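User: I would like to go through this model with a few short questions on its strands and on how its chains meet. Please end each reply on the name or value I ask for.

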Amino acid sequence: MTTDDRIDTARRALLDPGEISEGVVSGQLARLTGTDIDTGELFFQVCRDESWTLEDGAVKGGSFSVDRGVGVRAISGEKTGFAYAEDIGPLALGRATDAARSIARTGHGRAPVLTPARTPARYADVDPLTAAPEGDKVALLSRIDAFARGLDPRVSEVTVRISMSRETNLVVATDGTLSGDARPLSRFDVSVIAEQDGRRERGFGGGGGRFDTGWLMDGDAADGYAREAVRMALLNLDAVDAPAGTFPVVLGPGWPGVLLHEAVGHGLEGDFNRKGTSAFAGRLGEKVASPLCTVVDDATLPDRRGSLSVDDEGTPGQRTVLIENGRLVGYLQDKHNARLMGVASTGNGRRQSFAHLPMPRMTNTFMLAGDSDPREIIESVDKGVYAVSFGGGQVDITSGKFVFSATEAYLIDKGKVGPPIRGATLIGNGPEVMAQVSMVGNDLELDGGVGVCGKEGQTVPVGVGQPTLRIDGITVGGTSA
Amino acid sequence: MNGPGREGPGVDLARGEGARGEEQGDLAASLKDLVAGILDEAKRQGANAAEVSAGDSTGLVVSVRKGELETVEFTNDRGFGITVYVGARKGSASTSDAGPEAVRETVRAAINIAKFTEEDPCNGLADAELMARALPDLDLDHPWQVDVPRATERALEAEAAALAQDSRIVNSEGANVATHRGYHVYGNSHGFIEASSGTRHSTGCSVIAEDAGGMQRDHWYTVSRDPEDLENPVDVGREAARRALARLGRRPVATGSYPVLFAPTEAGGLIGNLLAAISGGVLYRNASYLVGSLGRQAAAPGITLVEEPHRRKGLGSAAHDGDGVATRAKAFVDDGVVASYILGSYSARRLGMTTTGNAGGVFNLDLKAEMRPPEALMRDMGTGLLVNGLIGQGVNLVTGDYSRGASGIWVEDGEPRHPVDEVTIAGKLDDMFKGIVGCGDDIDRRGNIHTGSLLIREMTVAN
């Protein structure tokens with residue numbers, strides 16, 4: 001799908017129904033132009049979501065939603081005025097523009113010449129909601145339920161969910177930006193509880209990306225997620241108490257890359273660094289991690305959950321190197337923070353919806369492969385923890401401290417993987433922990449496509465990834481002191 | 001101090017609210033009409049029962065940073081959601097659009113979903129006789145006639161007070177003033193349609209303190225239904241600064257088992273974990289460590305958790321729950337024993353019980369116990385950790401395993417000694433709640449759960 005096709009699709013979906021002509025759009029942009037206003041922007045969006053959930057052996061619920069609206073933003077120096085309307089018509093649009101531009105003295109400038117930024121599509125223009133008939137989706141959920149229960153008699157509860165969305169947006173701005181995008185997203189989740197001798201444990205499996213539901217309907221991917229969920233729940237039935245204290249920790253490949261999302265990713269977002277509130281502020285060019293670490297944010301990967309053909313400000317998605325061989329080389333920027341810091345946007349301007357302001361956000365963030373054999377990394381640890389799956393994490397970007405909570409982890413004893421341990425939170429300080437990365441595997445993997453990132457109340461889909469790596473010391477929050 | 005907001009041409013919420021005031025009755029009436037129309041459409045399209053929730057809210061959020069206006073956001077959220085029942089099948093749909101075409105399409109989408117779901121005898125509206133009939137005046141609607149310049153000034157006052165507190169307050173994440181007013185209508189095909197309106201206002205401030213050990217941030221906020229009840233912005237700023245400063249100079253502690261005192265700001269979340277574990281959804285899925293706990297001990301004797309949904313001006317107050325069922329005062333935990341689960345009508349049927357009027361959660365929860373000053377709890381604790389910050393998820397309701405990142409103050413011989421950061425606290429929820437050995441009288445009343453400090457006999461602190 002070309003840039004022009006994407007813009008045409010977005011126009012048809014967003015402007016035509018409310019009879020918003022090009023004249024209306026340029027008229028509003030002209031009203032967002034003036035000596036006091038640096039940038040004015042209209043963000044039109046419609047998002048359709050559908051989901052089906054199976055629990056207790058039956059598909060008992062499903063939901064569908066359509067959210068449509070336009071967000072209007074005016075920026076004057078460091079000031080931002082923002083308003084939105086859930087009715088995409090000339091009247092409501094005019095009112096939103098009035099409110100947004102009220103932060104500045106305004107004239108009535110000239111409408112810009114809009115120029116589409118040419119950029120390749122990072123995903124196909126497909127509609128995950130209509131790709132398969134409803135009956136097939138429901139049948140898939142029932143099949144997976146039976147499959148999961150058939151794997152082991154100890155499986156006592158199974159919840160299966162399929163969710164699909166298609167977002168279409170159109171961005172026009174006084175700097176001449178014109179972009180359109182149609183973003184598919186689909187996801188499949190299996191959650192099970194296994195029970196044995198009165199003890200219950202949970203396991204999860206799932207994945208997704210920017211494609212339709214063909215990947216679930218046509219192959220055995222869904223079976224794999226069920227197998228994974230059951231395996232994890234059964235394994236945890238035998239888990240022993242996790243240790244408490246500081247230990248060497250080996251993180252498995254893929255989803256444990258949530259480490260990078262928390263330990264460095266958020267701290268490198270442009271807004272925090274412009275304001276000097278991040279532990280990484282003012283450290284460009286400095287060593288912030290061990291020389292084994294090269295970390296990138298890459299929106300251009302085909303079909304990944306965090307990928308973007310263009311971001312929510314009309315800037316093409318791109319690959320940005322954040323840390324190169326341990327040295328801090330880049331921040332993640334949206335237009336507003338980039339302008340105030342005198343750099344270019346890195347295509348990381350994202351927003352949850354038209355009703356939210358864009359901010360610098362991650363896309364797919366991961367560490368590049370090193371050259372250690374993953375087995376040697378485990379064998380290098382005398383007493384420690386091997387963590388392969390996590391529930392999620394959080395960071396305080398000012399102090400740099402971050403946590404992430406293991407949902408599948410094992411003790412390492414004399415270089416051998418031992419018994420599984422109960423879920424425990426790991427806590428450390430971003431720059432300090434990154435300096436302690438002493439081995440990086442040759443087995444880079446990206447996560448399966450289930451990441452959701454929250455910042456200032458806004459959530460966006462993201463990806464993470466990493467090879468197996470060793471951290472020499474990090475606090476493990478178990479109960480066995 | 002002159003905020004740049006003063007120079008604007010003055011599109012402000014006060015003007016919007018003024019117009020709103022005159023239209024108040026009209027808006028509630030038109031939302032009721034909308035809901036009635038949607039219910040009719042559902043019936044026309046073949047639903048034998050349906051329920052609709054519709055809202056319309058407006059708001060203003062003004063943020064300042066380092067003495068300058070930073071953002072002015074005008075919020076305006078509308079939309080409705082419908083659940084239809086076709087026989088014992090169920091489908092749901094929602095939209096931000098309330099035009100006639102969107103109504104027809106959204107109802108059609110919900111009916112279509114219902115066609116593909118399986119029959120569930122627990123589906124359906126709550127029983128008609130449980131609908132809220134008498135609607136008490138909860139006194140929740142207190143519009144704030146604050147315009148952008150005045151909101152800016154108030155936020156600047158809060159931030160200035162924080163920045164002036166101490167030279168170690170080196171940076172600011174800013175301060176904000178927010179006001180929201182919302183109308184909500186719930187209706188179902190029992191013929192029950194009720195409107196409510198409410199306001200919510202707040203002032204918050206977040207600042208950064210720094211010393212040789214690095215930067216630490218903290219925040220404070222005040223929130224209320226009535227602007228008259230908000231804390232003074234200067235006090236908000238000072239408290240934010242005091243809290244950030246108190247985090248400077250952290251020192252490590254030895255990994256081990258210690259008593260842990262949860263500050264009121266963190267204790268509410270801990271009680272929230274207990275409430276989540278006795279909520280219908282996790283109970284009928286067998287996804288709680290408190291499955292089958294009704295009538296059993298789940299917390300230390302002396303601990304009582306009561307709900308008071310009709311409290312005037314309460315942030316969590318509501319006359320009816322998400323099913324239209326009348327809310328009522330009751331205890332969930334009485335003297336440490338689970339006295340009631342937290343149920344909506346669906347989860348109640350799943351468990352073979354009766355709804356407790358809690359579809360959507362609890363409405364104003366108070367912890368009642370013998371309460372003492374936090375200093376007395378610290379003396380009781382002797383040596384241990386006072387936790388005033390938590391980070392991460394780390395709570396597994398299925399197993400009751402608890403392991404979270406924590407920061408706080410190290411206490412020795414009953415006296416605060418030094419800040420602690422980047423540690424974890426871990427334990428079993430069941431042991432923790434049964435091991436509550438003291439409750440503070442320093443109650444934080446800002447959230448839906450009101451509790452003071454809570455002293456837990458023992459947890460593992462790792463560093």
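User: In E2(B), which residue is the bridge partner of Phe82(A)?

Analyst: This is a predicted model. Strand E3 of chain A, residues 79-85, runs parallel to E2(B), and four bridges join them. Within E2(B), the residue bridged to Phe82(A) is Glu73(B).

User: Which strand of chain B gives the most residues to the side that touches chain A?

Analyst: The contact involves 63 residues of chain B and 67 residues of chain A. On the chain B side, the top contribution is eleven residues, and it comes from the strand spanning residues 68-86, E2.

User: How do the residues on that side of chain B divide into nonpolar, polar and charged?

Analyst: The side in question is the one made up of the 63 residues of chain B in contact with chain A. Its residues divide into 17 charged, 28 polar and 18 nonpolar.

User: Are the two faces of strand E14 of chain A covered or not?

Analyst: In a regular strand, side chains alternate between the two faces of the sheet. On one side of E14(A), residues 364-367, Asn364(A) and Phe366(A) are buried. Thr365(A) and Met367(A), on the other side, are buried as well, so by the cut-off of 20 or more other C-beta atoms within 10 Å both faces are covered.

User: Which residue of E22(A) stands opposite Phe366(A)?

Analyst: E14(A) pairs with E9(A), residues 295-298, in the antiparallel sense over three bridges, and there Val296(A) stands opposite Phe366(A). E14(A) is also joined by three bridges to E22(A), residues 458-466, running parallel. In E22(A), the residue opposite Phe366(A) is Gly465(A).

Note on methods:
Residues are numbered from 1 along each chain as its sequence is written. Chains are lettered from A and ligands numbered from 1 in the order in which they are written. This is a predicted model: local features need pLDDT of at least 70, side-chain atom pairs count only at pLDDT 80 or more; totals for chains, interfaces and linings use all residues. Two residues are in contact if their C-beta atoms, placed from the backbone, lie within 7 Å. Ala, Val, Leu, Ile, Met, Phe, Trp, Tyr, Cys and Pro count as nonpolar, Asp, Glu, Lys and Arg as charged, and the others, Gly among them, as polar. Two strands pair if DSSP finds at least two bridges between them. A residue is buried if 20 or more other C-beta atoms lie within 10 Å of its own, exposed if 12 or fewer, and partly exposed in between; C-beta atoms are placed from the backbone.
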